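Open the model in your viewer and keep the sequence panel visible. The stops below are meant to be selected in order.

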Amino acid sequence: MVKKGIIGLLTLLMFFSCGHKETEGTKAPLKVKTEVVGTSQGEGGQTYVGIVEEREATAVSFTSMGVVKHVYVTEGQAVGRGQLLAEIDATTVGNSVEAAKATTSQAQDMVVQAEQMYAQAKDAYDRMKLLHDNGSLPEIKWIEMETKLHQAEAALHSARASVQQAAATEKIARKGLSDTRLVAPVSGIVGRKLIGAGETALPSQSVVTILDISTVKVKVSIPEAEMSSITPSTRTTINVEAVDKNVQGGHIEKGVQADALTHTYDIRISVPNVDHKLLPGMVANVRFLDGNNATDNLCVPITSVQKRSDGSLFVWLVAEDNTVHRTTVRIGDTIGNNVVILGGISEGQRIVTEGYQKLSEGNKVEY
């Protein structure tokens, strides 16, 4: 009786065990996206790290000293040529303009009076000249008349000179008044605001800097041994990760003075920046292309490469039975959205590119 019970229990256990294995074997595969590893033609060349710079920076300052009354712009603001940037207190200069205007008005009144006096003296002179020419006027009277005419003429010249001097003084005062308003000499982006309202601005002390970033330059330091291989027309590709932008570099400006410590030369690559996304200070990866050394690179999408806790890199490799396995890889440079594989997998193998977040070692997948 006991023996029959043991046999029945073993039969039941075997039944449940087989049922469990059958359930595991029929587990649905995980759906993922995959890609067959292939090669893409890249171009040889060195890669360097560069810094984005503005094409030109203009420091804007007042030409006279004064207390800043208003600053109308902020850092990063786009400004146009002639736009008002800041003002200093114009009270003293305004008073000088009013005083100069009053002096000019007085000088003009003096000219009017001197012209009247000269006209009278000239009329009397002309009438007395007829008598003098006829011998009817004593010589002493004639000399007196000539003296009065010369005096009137000298007074008129002096009055006119006073008007010119007063006008020049007024012009200077008005120039000083206009200099209390700081306007943008060029169009661009405000890089830095160096003075605020209430501070005292000194002559030639920068108030703001205006950056021209319609075209930017990427500065790269190049070892002296490689300078001879770079020409103004050398082709470059530039990647700026901060704004996820890849662009083709333009004209290259080569420096002529080496750094005494590093023995490198600075070169600057012009880059169009119509959308103003590239900003001074951003880090750029610069590749100098050499079309004569084109190579076939084994590439995979950057997003398919994962990192373990120990820092090593791997991809999910799909085996022939559609199971996935972590496979360690070594990577090289990036080409667009792909990364060059230096080792670990071969051309023609299939890897997971999307949906790897839910995978475990040995999972079956469907693609």
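The tour goes from the whole chain to a sheet, a helix, a second group of strands, two loops and a surface patch.

**Conventions**

This is a predicted model, in which local features need pLDDT of at least 70 and side-chain atom pairs count only at pLDDT 80 or more, while totals for chains, interfaces and linings use all residues. Residues are numbered from 1 along each chain as its sequence is written, and side-chain values use heavy atoms, with hydrogens and water left out.

**Whole chain**

Select everything and colour by secondary structure. The chain has 3 helices and 24 strands; helices (H or I, at least four residues) and strands (E, at least two) are DSSP runs, numbered from the N terminus. Of the 367 residues in the chain, 32% are buried. Here buried means under 20% relative accessible area, exposed means over 50%, and partly exposed is in between, with a 1.4 Å probe and protein chains only.

The accessible surface of the chain comes to about 22,600 Å², and carbon and sulfur atoms account for 54% of that. Accessible areas come from the Shrake-Rupley method with a 1.4 Å probe; for residues, only the protein chains shown count as cover. Among contacts between residues at least 6 apart in sequence, 74% join residues at least 24 apart, where contact means heavy atoms within 4.5 Å.

**The sheet 8-7-5-10**

Select residues 84–88, which form strand 7. This strand is mostly covered, with 4 of its 5 residues buried. Now add its neighbours: strand 5 (residues 66–71) runs antiparallel to strand 7 and is joined to it by 3 bridges. Strand 8 (residues 181–183) is also antiparallel to strand 7, again with 3 bridges. Two strands are said to pair if DSSP finds at least two bridges between them.

For individual positions, label alanine 86: leucine 182 in strand 8 stands opposite this residue, and so does valine 71. Valine 68 has isoleucine 88 of strand 7 as its bridge partner. In a regular strand the side chains alternate between the two faces of the sheet.

Zoom out to the whole sheet. It is open and has 4 strands in the order 8-7-5-10, with antiparallel pairing. Strand 8 and strand 10 (200–201) stand at the edges with a single partner strand each, so one side of each is left without a neighbour in the sheet.

**Helix 3**

Select residues 139–178. Helix 3 has 40 residues and reaches 59 Å from its first C-alpha to its last, close to the 58 Å expected at 1.5 Å a residue. The expected span is 1.5 Å times one less than the number of residues.

Which residues of helix 3 are buried? They are Trp142, Met145, Leu149, Ala152, Leu156, Ala159, Val163, Ala166, Glu170 and Ala173. Show helix 2 (91–133) alongside, since the buried residues of helix 3 pack against helix 2.

Next, pick lysine 141, also in helix 3. Lysine 141 counts as partly exposed because its relative accessibility is 47%. Draw a C-alpha to C-alpha distance to methionine 128: the two are 8.8 Å apart in space and 13 residues apart in sequence.

**Around strand 23**

Select residues 350–354, strand 23. Strand 2 (residues 33–36) runs antiparallel to strand 23, with 4 bridges between them. Strand 19 (residues 313–318) also pairs with strand 23 in the antiparallel sense, over 2 bridges. Centre on arginine 350, the bridge partner of valine 36; valine 318 stands opposite arginine 350 as well.

**Two loop residues**

Go to aspartate 244, in the loop between strand 12 (236–240) and strand 13 (245–248). Its phi is near 50°, a positive value in a residue other than glycine. Aspartate 244 counts as exposed because its relative accessibility is 63%.

Then select histidine 276, in the loop between strand 15 (264–272) and strand 16. Phi of histidine 276 is near 60°, also positive in a residue other than glycine. With a relative accessible area of 35%, histidine 276 is partly exposed.

**Surface patch**

Finish by showing the surface around Val49, Ile51 and Val283, which make a nonpolar patch of about 250 Å². Patches are made of residues with over 30% relative accessible area and no salt bridge; like charges are joined within 9 Å, and nonpolar side chains (Val, Leu, Ile, Met, Phe, Trp, Tyr) within 5 Å. A salt bridge is a side-chain nitrogen of Lys or Arg within 4 Å of a carboxyl oxygen of Asp or Glu. Valine 283 is in strand 16 (residues 283–288), and at 48% relative accessibility valine 283 counts as partly exposed.
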